[in-house]
Amino acid sequence: MDNIIWDFYEGYEGEGEIQFIQALDNDNRNVIRIWDGYFDDIMEKIEPEESGWTGLAYYYNLAEGWYDESPWQIPNLMKSFQQIKQTENAKFRFPNSKKVTDEICNLLSNALDNDNCVYIARE
């Protein structure tokens with residue numbers, strides 16, 4: 001099994017961890033491990049639409065999805081990619097949040113291009 005892991009969790013052991021997992025062929029995976037503080041920082045930059053929360057922000061703000069089961073498949077990958085992509089130029093609280101955002105966008109874009117599923121796991 002050839003798994004590629006980007007680690008933005010090192011140094012935060014014992015605190016909350018979120019993983020974005022791209023399921024590839026042959027049981028291989030691309031994984032981004034992040035401290036949940038980075039995830040909160042990114043998600044807090046997403047604004048609701050006129051109709052309310054949508055995409056990944058909907059599940060984040062209602063504490064559903066990966067809060068209930070882990071790993072949890074992201075249901076609307078394109079919408080989630082667009083939401084995270086829109087935060088790229090945000091003023092984050094933590095310096096590494098920008099790099100984490102870029103890597104999540106790369107993973108989601110790659111998954112969309114290759115018709116892969118992406119899961120979020122909460123550790």
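**Exercise 1. Salt bridges and the R33 network**

Task: State how many salt bridges the structure holds, and determine which residues are linked in a network with R33.

Solution:
1. The structure, a predicted model, holds 8 salt bridges.
2. The side chain of R33 meets that of D7 in a salt bridge, with an N to O distance of 3.0 Å. R33 lies in strand β3 (residues 29-35) and D7 in strand β1 (residues 4-8), so this pair ties together parts that are 26 residues apart in sequence.
3. R33 also forms a salt bridge with E17, where the closest N and O atoms are 2.8 Å apart. Here R33 in strand β3 is linked to E17 in strand β2 (residues 17-23), and the two are 16 residues apart.
4. The result is a network of salt bridges that links D7, E17 and R33.

**Exercise 2. Accessibility of the acidic partners**

Task: Classify D7 and E17 as buried, partly exposed or exposed.

Solution:
1. The relative accessibility of D7 is 35%. Buried requires a value under 20% and exposed a value over 50%, so D7 counts as partly exposed.
2. E17 has a relative accessible area of 7%. This value is under the 20% cut-off, and therefore E17 is buried.

**Exercise 3. The partner of D41**

Task: Identify the residue with which D41 forms a salt bridge, and locate both residues in the chain.

Solution:
1. D41 pairs with R93, the closest N and O atoms being 3.5 Å apart.
2. D41 belongs to helix α1 (residues 36-43), whereas R93 is in the loop between α3 (77-85) and α4 (97-113). The pair links distant parts of the chain, 52 residues apart.
3. D41 has 0% relative accessibility and so counts as buried.

Terms used:
Residues are numbered from 1 along each chain as its sequence is written. This is a predicted model: local features need pLDDT of at least 70, side-chain atom pairs count only at pLDDT 80 or more; totals for chains, interfaces and linings use all residues. Side-chain values use heavy atoms; hydrogens and water are left out. A salt bridge is a side-chain nitrogen of Lys or Arg within 4 Å of a carboxyl oxygen of Asp or Glu. Helices (H or I, at least four residues) and strands (E, at least two) are DSSP runs, numbered from the N terminus. Buried means under 20% relative accessible area, exposed over 50%, partly exposed in between (1.4 Å probe, protein chains only).
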